[in-house]
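User: Can you walk me through the ligand site in this model? I'd like the sheet afterwards.

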Amino acid sequence: MVGSPRKGGNVDRLVQEVLDGAEEAGFQTEKYILNELNYSGCQGCNHCKTADECRIDDDISGLLEDIREADAVVFGSPIYFYLFSGQFKLMQDRFYSFIDSGFRSRLAPGKKAVIVTSQGHPDISAFEKAADDFAGILKLLGFEVVEIIRMGGGGAPDAVLARRDLLDKARAAGRAL
Ligand SMILES: Cc1cc2nc3c(=O)[nH]c(=O)nc-3n(C[C@H](O)[C@H](O)[C@H](O)COP(=O)(O)O)c2cc1C
């Protein structure tokens with residue numbers, strides 16, 4: 001999924017590279033552009049602690065279903081004020097429905113995850129905590145985080161086109177899923 005509102009921007013292009021690599025490896029893929037979906041954040045109703053579902057029925061419902069079915073998921077977000085974007089966080093909170101009342105993951109173990117981030121700051125260590133923290137959440141959910149791809153100097157939406165190394169890394173991560 002792409003958590004940037006910039007279609008064709010750095011996150012979008014890198015996520016697409018991973019998906020293209022995955023298709024080369026024989027996977028069927030689906031891409032969600034979060035900014036084009038209508039959805040709300042978690043309402044904290046705790047329905048998902050007694051039922052194995054999120055009570056909200058909106059555009060995120062299908063994405064949650066697809067994650068349950070998927071062998072691998074690519075999570076992409078720009079860094080907005082040190083963190084992942086609001087669009088991404090709103091979706092992320094809905095993962096609460098993947099956790100049962102004993103705080104165990106309901107997801108089948110062994111799903112693989114690739115995380116893609118892009119930031120304006122040229123030093124990728126400046127905001128690495130955002131992706132590292134999200135990787136921790138994915139591990140809690142039972143994912144194996146196989147790659148984190150971090151783009152720095154991504155002020156211009158097409159800056160990543162000058163980063164053949166990152167595009168190749170993204171494609172290779174997809175092929176290796
Ligand atoms: C609201 C907003 C907040 C941002 N905050 C940061 C930040 O904290 N650190 C940073 O390095 N870049 C920041 N940026 C720059 C974006 O992370 C950068 O342009 C990124 O490459 C965007 O990815 P995209 O091309 O996929 O949209 C911010 C941009 C916006 C619009």
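User: Which residues come nearest to the ligand?
Analyst: Of the 17 residues around the ligand, Ser4, Ile79, Ser118, His121 and Gly154 come nearest. "Around" takes a residue as near if one of its heavy atoms lies within 4 Å of the molecule. Keep in mind that this is a predicted model: local features need pLDDT of at least 70, side-chain atom pairs count only at pLDDT 80 or more, and totals for chains, interfaces and linings use all residues. Residues are numbered from 1 along each chain as its sequence is written, and side-chain values use heavy atoms, with hydrogens and water left out.

User: What does the side chain of Ser118 do there, distance-wise?
Analyst: An N or O atom in the Ser118 side chain is 2.7 Å from an oxygen atom of the ligand. That fits a polar contact, meaning a pair of N or O atoms within 3.5 Å.

User: And which backbone atoms?
Analyst: Val11 has a backbone N or O atom 2.8 Å from a ligand oxygen, and Gly120 has one 3.0 Å from a ligand nitrogen.

User: How much of the ligand does the protein bury?
Analyst: The protein buries 76% of the 640 Å² that the ligand exposes when taken alone. Those areas are Shrake-Rupley values with a 1.4 Å probe.

User: Which element gives the most to the shell?
Analyst: S1 does, with three residues. Helix H1 (10-24) and strand S1 (72-80) are the elements that give two or more. These are DSSP runs, numbered from the N terminus: helices are H or I with at least four residues, strands E with at least two.

User: OK, the sheet. What's the strand order?
Analyst: S2-S1-S3-S4, an open sheet of four strands with mixed pairing. Two strands pair if DSSP finds at least two bridges between them. Strand S2 (83-84) and strand S4 (144-151) each have a single partner strand, so one side of each has no neighbour in the sheet.

User: How do S1 and S2 pair?
Analyst: Antiparallel, over two bridges. Ile79 has Phe84 in S2 as its bridge partner.

How values were computed. Polar contact = N/O pair within 3.5 Å; in protein donor to acceptor, adjacent residues only side chain to side chain.
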